[in-house]
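Here are a few short exercises to work through with the model open beside you. Try each task before you read its solution.

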Amino acid sequence: MKPDNFKILLADDDEDDCMFFKDALDELALPVSLNTVNNGVELMSFLENNLINFPSVLFLDLNMPRKTGVECLTEIKQNEKLKQFPVIIYSTSANPEVMEVLFKKGAQHYIRKPADFANLKSVLQKAISLCEKNNTMQSSKETFVIHP
């Protein structure tokens, strides 16, 4: 995968999910670069220390050690320097109440982690395309969840 202008940051503590994500991006052959962090504290430190080489989008898992994805999203959206940063929730949860809370907190989109590789490629392709078009704009409630 060769780096280009579109920089993806994945915050996920599951090594298998990270490899699955990277493999899907590699197969899509999109002009993107990928960085990963493994917990919420590492994520917030990465964002604060990389303001010059800042990612284009964050794919954020909810269940991480040290600081949850919800806590990170809240901090990001309350921070003047970070609040316009596009955040896509990337989680195994399909709880509509949780999705509603995340939408209200300012997440741009929600992806339920697909178990199927083809579906993962499909949702990543859609998510990246939406981010390139809409950049920092939050989606409507109707288009918040990205399906394969």
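**Exercise 1: An acidic stretch**

Task: decide whether Asp16 counts as buried or exposed.

Solution: Asp16 has 63% relative accessibility, so it counts as exposed (buried is under 20% relative accessible area, exposed over 50%, partly exposed in between, with a 1.4 Å probe and protein chains only). Next, place Asp16 in helix H1, residues 15–28 (helices, H or I of at least four residues, and strands, E of at least two, are DSSP runs numbered from the N terminus).

A word on the source: this is a predicted model, where local features need pLDDT of at least 70, side-chain atom pairs count only at pLDDT 80 or more, and totals for chains, interfaces and linings use all residues. Residues are numbered from 1 along each chain as its sequence is written, and side-chain values use heavy atoms, leaving out hydrogens and water.

**Exercise 2: Another aspartate**

Task: find where Asp61 lies and which residues Asp61 touches.

Solution: Start in the loop between strand S3 (57–60) and helix H3 (69–78), which holds Asp61. Asp61 is buried, because its relative accessibility is 5%. Then list its contacts (heavy atoms within 4.5 Å): leaving aside residues up to four places away in sequence, Asp61 touches Ala11, Asp12, Asp13, Gly69, Tyr90, Ser91 and Lys113.

**Exercise 3: Positive phi**

Task: what is the phi of Ala29, and what is that of Arg66?

Solution: For Ala29, a non-glycine residue, phi is positive, near 55°. Ala29 sits in the loop between H1 and strand S2 (32–37). For Arg66, also not a glycine, phi is positive and near 75°. Arg66 belongs to the loop between S3 and H3, and its relative accessible area of 64% makes Arg66 exposed.
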